[in-house]
Amino acid sequence: MPLTLRAVDIIAKKRDGLELSTAEIEFFVQGYTDGRIPDYQAAAWCMAVLLRGMSAREVTDLTFAMARSGKVLDLREVAEWVMDKHSTGGVGDKTTLVVAPLVASAGVPVGKMSGRGLGYSGGTIDKLESIPGYQVGLSHAQFIRQLREHGIVVAAQSAELAPADGKFYALRDVTATVESIPLIASSIMSKKIAAGATGIVLDVKVGRGAFMKTLEAARELAQLMITIGEAAGRRMAAVLADMDQPLGQAVGNALEVHEAIRVLQGEGPSDVRDHCLTIGALMLVLAGRVAQLEEGRALLTRHLESGAAWRKFVAWITAQGGDAAVLEHPEQLPRAALVEVMPAPRAGYVAALDAQVIGQASVVLGAGREQKGDPIDPAVGIMLHKKVGDAVERGEPLLTLYANREERLAAAREMLRAAWRWSDTPPSPVPHIYEIIPAALRS
Ligand code: URA
């Protein structure tokens with residue numbers, strides 16, 4: 001190795017398919033974060049990583065270097081096991097809103113930093129901001145105080161956490177280098193490690209509306225993130241979950257909050273409830289609260305039915321400034337001016353429902369953003385009345401559109417026609433959860 005490291009040599013080494021040393025990776029991450037390495041060299045390096053890949057050791061080094069580029073929190077000052085969960089992104093994914101209070105109601109602390117939505121993939125922070133008064137920006141002291149007092153806190157990701165990832169992600173977004181398993185794994189895990197939870201359940205989405213289009217790719221990503229988390233001393237588990245069609249019926253910020261409230265009150269779509277019970281039960285297993293997944297699901301089912309999870313939700317949102325009256329009367333959440341039902345164009349069975357198209361239509365309505373920093377409209381979105389496998393009569397309501405602008409409503413309506421595929425016979429059922437890793441946690 002040359003005495004003085006140079007970015008160009010590190011790029012060439014990766015271009016030629018060689019393994020980078022820990023020192024080379026640290027040099028590159030530090031140099032890019034503090035501006036000594038320019039964007040054009042970092043872009044070339046990202047492309048070399050995308051094309052040549054990385055060993056698990058390289059990805060672990062990359063993750064640790066990115067995590068150490070900013071503050072690294074340690075939530076063990078609050079409890080030995082503080083849980084977090086992370087979704088790799090999807091459409092209609094309101095899991096955090098249900099799972100966080102559900103798990104906290106069972107006495108296991110949940111301390112989580114979440115992101116905003118980008119593109120067709122929604123973000124928890126945007127959903128929470130549709131509740132009037134809810135404060136997403138907490139100082140470290142406020143975060144810790146709320147976690148101690150209520151056993152639950154969900155705040156926006158601070159810019160001080162893993163700043164290297166902020167720079168790399170913005171660059172990858174415009175250099176066609178997002179779709180790299182080593183770069184995705186290190187991006188997600190650097191933020192998770194810096195955020196300080198000691199147990200992390202990964203909700204890895206697979207399908208049309210997900211980054212990972214195949215089960216093999218999702219499995220590889222999940223396994224890699226588990227390896228990195230365990231190397232950092234965290235307890236880890238992953239669920240590979242379907243994202244061919246959206247999760248639940250609601251897509252759009254206030255609509256999703258309303259659906260989460262219904263699930264916490266013992267109603268709501270069964271796929272959302274089932275998904276949240278599995279993710280929540282895994283968090284209880286990692287925290288040592290229960291020994292097995294089924295025991296965790298049974299415990300959390302009781303907490304849903306007794307109202308304990310709902311009461312924890314109200315306590316959490318109120319503690320972070322949210323208006324409790326709105327939670328009790330969710331019809332007071334932001335509402336769209338234009339409401340339009342789309343009827344089924346034919347009779348038959350829903351064979352497929354493209355989550356990506358539905359997500360893109362919700363962005364057109366204003367529920368998501370095309371560019372970082374774009375404003376969003378909390379009231380707009382889509383409610384799906386039929387999902388894959390459902391029988392439909394011609395003219396029956398397929399979905400309802402919620403909009404605030406006529407031209408956006410017209411554009412979304414046009415897009416949504418392409419989201420449905422039909423069959424004359426019932427399609428074979430699709431599993432909602434494909435796999436749990438490690439396998440030992442499945443029973
Ligand atoms: N989510 C992230 O945080 N990073 C990625 O690279 C992809 C998804």
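This note goes through the domains, sheets, one helix and a few single residues of a predicted model.

1. Domains. The domain assignment divides the protein chain into domain 1 (7–53), domain 2 (75–329 + 435–442) and domain 3 (335–423), and domain 2 is thus given in two segments, with domain 3 numbered between them. The centres of domain 1 and domain 2, taken over C-alpha atoms, are separated by 31 Å, and the contact between these two domains takes 14 residues from domain 1 and twelve residues from domain 2.

2. The area between domain 1 and domain 2. The size of an interface is often given as the accessible area lost when the parts come together. Here domain 1 and domain 2 bury about 1,100 Å² between them, and 82% of that area is on carbon and sulfur atoms. On the side of domain 1, Tyr 32, Cys 46 and Leu 50 together supply 46% of the area buried against domain 2, which is more than any other three residues contribute.

3. Strand β5 and its two partners. Strand β5 (residues 235–242) is mostly covered, with seven of its eight residues buried. With strand β4 (residues 199–206) it pairs in the parallel sense over eight bridges, and in that pairing Ile 200 stands opposite Met 236 in β5. The connection can be followed through helix α10 (residues 215–231), since β4, α10 and β5 make a right-handed β-α-β unit. Strand β5 is also joined by four bridges to strand β13 (residues 433–437), and these two strands run antiparallel; in this second pairing Leu 240 stands opposite Glu 435 in β13.

4. A cis peptide bond after β13. The bond that joins Ile 437 and Pro 438 is a cis peptide bond, with omega at about 0°. Pro 438 has its place in the segment after β13, while Ile 437 is within the range of residues 433–437 given for that strand.

5. The four-stranded sheet. An open sheet of four strands has the order β6-β9-β11-β7, and its pairing is antiparallel. Because β6 (250–251) and β7 (338–343) stand at the edges with a single partner strand each, one side of each is left without a neighbour in the sheet. Between these edges, strand β9 (residues 381–384) and strand β11 (residues 397–403) pair in the antiparallel sense over four bridges, and the bridge partner of Ile 382 in β11 is Leu 401.

6. Helix α16 on that sheet. Helix α16 (residues 355–365) lies across β6, β9 and β11, and runs at about 140° to β9. Which residues of this helix are buried? They are Ala 355, Val 357, Ile 358, Gly 359, Ala 361, Ser 362, Val 363 and Leu 365, so that α16 as a whole is mostly covered, with eight of its eleven residues buried. What covers these residues includes β6, β8 (348–353), β9, β11 and α17 (406–416).

7. The three-stranded sheet. Strand β8, which is among the elements covering α16, also belongs to an open sheet of three strands in the order β10-β8-β12, where the pairing is antiparallel. The edge strands β10 (391–392) and β12 (420–423) each pair on one side only. Between β8 and β10 the antiparallel pairing is made over two bridges, and Gly 348 stands opposite Val 392 in β10.

8. Two alanines with positive phi. Ala 162 has a positive phi of about 45° although it is not a glycine, and phi of Ala 176, likewise a residue other than glycine, is positive at near 55°. Ala 162 is found in the loop between β3 (152–156) and α8 (163–173), whereas Ala 176 is in the loop between α8 and α9 (181–195). Is each of them buried or exposed? Ala 162 counts as buried because its relative accessibility is 2%, under the 20% cut-off, while Ala 176 is exposed, with a relative accessible area of 55%.

9. Pro 109. This proline is found in the loop between α5 (95–105) and β2 (110–114), and at a relative accessible area of 15% Pro 109 is buried. Leaving aside neighbours within four places in sequence, Pro 109 is in contact with Ala 79, Trp 81, Val 82, Met 83, Leu 147 and Gly 151. Of these, Leu 147 is 38 residues apart from Pro 109 in sequence and 7.0 Å apart in space, C-alpha to C-alpha.

Terms used
Residues are numbered from 1 along each chain as its sequence is written. This is a predicted model: local features need pLDDT of at least 70, side-chain atom pairs count only at pLDDT 80 or more; totals for chains, interfaces and linings use all residues. Side-chain values use heavy atoms; hydrogens and water are left out. Buried means under 20% relative accessible area, exposed over 50%, partly exposed in between (1.4 Å probe, protein chains only). Two strands pair if DSSP finds at least two bridges between them. A crossover is right-handed if, with the strands pointing away from the viewer, the path from the first strand over the helix to the second runs clockwise. Contact means heavy atoms within 4.5 Å. Axes are lines fitted to C-alpha atoms, for helices over the stretch in contact, and angles run from 0 to 180 degrees between N-to-C directions. Domain bounds come from an automatic or database domain assignment. Buried area is the accessible area (1.4 Å probe) that two parts lose on being put together, summed over both.
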